[in-house]
Amino acid sequence: MEPNVGLGNSNVEPRDDMEFDTHEAAYEFYKEYAKSEGFGTAKLSSRRSRATKEFIDAKFSCIRYGNKQQSDDAINPRPSPKIGCKASMHVKKRSSNGKWYIHSFIKEHNHELLPAQVHFFRSHRNVDPLNNDAKVRRKKMLAPVSKQYVAYQFSGNLENLFRNQNDRGRSLSLEEGDAQILLELFVHMQEENPRFFYAVDLNEEHRLRNVFWVDAKGIDSYSKFGDVVSFDTTYFTNKYKIPLVLFIGANHHVQPTLLGCALIADETVHTLIWLMRTWCLAMGGRGPRILLSDQNDNIKAAVGAVLPDTQLYFSLWSILEKIPRCLDYLSMWHELFMAKFSKCIYKSWTEGQFEQRWWKLIEKFNLREDEWVQSLYEDRKLWVPRFMRDVSFASLSMASRTESLNSFFDKYIQSETSLRDFIGQHKLILEDWYEEEAKANFDAWHEMPELKTPSPFEKQMLLIYTHEIFKKFQVEVLGAAACHLKKESEDWHIYNIFCQRF
């Protein structure tokens, strides 16, 4: 017989002639084998001797072994990965020498194996913390890259182009060497993938004014999820050290997807038109159906000039965040004002109801002469929920920034983050972003949500929607089940139905 099998033989398939010192050693071997093949493992069962109380039998299996148990009384049933897979390894202990041997082994699976995503399986997450942790791997990989950016200096024309950052004229406020480091990042990214896109805008003195870039993943994501896009100027507007603006979308898991980045010198119409044109060019010349942004007349003008088929709306959270600053003279009555304001914008079911409450609010707090409040009313159809009930924002329009998908970058960028620091971790940020999506894709493949009703419609959508979208759909299914239908009128073959939830 073959001697005891070590954990280094992860590519060895289980065989009848193998022996192990303990059943735990047998399980570790099966885990290593599973890791190389691309599936997760579980301890299915074990049995002790009645006489000695020692383990004498154990069975290990694929994580998708067996079928999930249905429970009618579960309040929040957990998704289950079980789909009837038979792959397993059964080991027993010899009474003669105390060694464990493979009693039976079933290799075949009834599902796809995922060797590239094996680190997502719970059984493999802590096998090698140093190499298994994706963030540790990426930081280790990016450390020398960051040093390379810092050390690099352009020569020739590029050096002359960005040498005098303090000359007169509108330009990016950069520290010495930042422009060279930034463009080296672009060269490096384009060498990795020729589809990486970047563009620079120079002022009259040939100094860097604006710069835009997007990677191949962002271009691909836009082709799939580009109907609704958020143009986020938070870091620029709040005067962060890095004047970063972002184009953000939402993928099929309701996760943020990065559709472009830019550094801008100002928010003039000239800059915004250049940026919108450049972004649209990178995305194949097709604008989004809906663009969400801060309330800004220059953005409105640029979108109208460059993206005539795009409907512009204003992010609700950006307007709510402006209230303490724009109406600071109401600070003593802030809570009362917000209560009345929230009632007006959230609980006005008709246009007439909104008008009545709005003007009552204006009179109560004496706001008729406030120019910002006047602009809010003029733009009311671009931000008040009552006027946008038939518009889908793909979860990009929330009441607060912390709830929005835009906040993903906030954990990497603070007000004092320098451009050099940002460039040093740029690839790490993108890798984290893509890791989140890969994990969601894995979960969608690996686990099946429980049905909450006998509705065949719900069962059909289970096979179509991703988990996050299906959860939203389930809320509507349950809500519909709780509705009381009442026929309000009948006109030949047309029925008007009123639905009221209990």
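Author: A cavity, on a 1 Å grid over the protein atoms alone, is a set of points where a 1.4 Å probe fits but cannot get out, and its lining residues are those with an atom within 4 Å of a point. The structure above is a predicted model, in which local features need pLDDT of at least 70 and side-chain atom pairs count only at pLDDT 80 or more, while totals for chains, interfaces and linings use all residues. Residues are numbered from 1 along each chain as its sequence is written, and side-chain values use heavy atoms, with hydrogens and water left out.

Reader: How many cavities of 30 Å³ or more are there, and which residues line the largest?

Author: The count comes to three, and the largest has a volume of about 60 Å³, a volume being the space filled by probe spheres set on the grid points, which are joined across faces, edges and corners. Its lining consists of Met189, Phe196, Trp213, Val214, Asp215, Leu258, Gly260, Cys261, His426 and Leu430.

Reader: What makes a residue of this lining nonpolar, polar or charged?

Author: Ala, Val, Leu, Ile, Met, Phe, Trp, Tyr, Cys and Pro count as nonpolar, Asp, Glu, Lys and Arg as charged, and the others, Gly among them, as polar. By this rule the lining divides into seven nonpolar residues, two polar and one charged.

Reader: Which strand gives the most to that lining?

Author: Strand 10 does, with three residues, and strand 7 and helix 15 (426-446) each supply at least two. Here strands (E, at least two residues) and helices (H or I, at least four) are DSSP runs, numbered from the N terminus.

Reader: Why are strand 7 and strand 10 called a pair?

Author: Two strands pair if DSSP finds at least two bridges between them. Strand 7 (208-214) and strand 10 (256-264) share four bridges in the antiparallel sense, so they meet the rule. Within this pair Val211 stands opposite Leu263.

Reader: What makes strand 6 and strand 12 edge strands?

Author: The open sheet has seven strands in the order 6-7-10-9-8-11-12, with mixed pairing, and strand 6 (197-202) and strand 12 (311-314) each pair on one side only.

Reader: Why is the unit of strand 11, helix 9 and strand 12 called right-handed?

Author: A crossover is right-handed if, with the strands pointing away from the viewer, the path from the first strand over the helix to the second runs clockwise. Strand 11, helix 9 (297-306) and strand 12 make a β-α-β unit of this hand. Its strands, the first being strand 11 (290-293), pair in the parallel sense over four bridges, and Ser293 stands opposite Phe314.

Methods. 1 Å grid on protein atoms, 1.4 Å probe; cavity = no way out; pocket = protein on both sides within 12 Å on 5 of 7 lines; lining within 4 Å.
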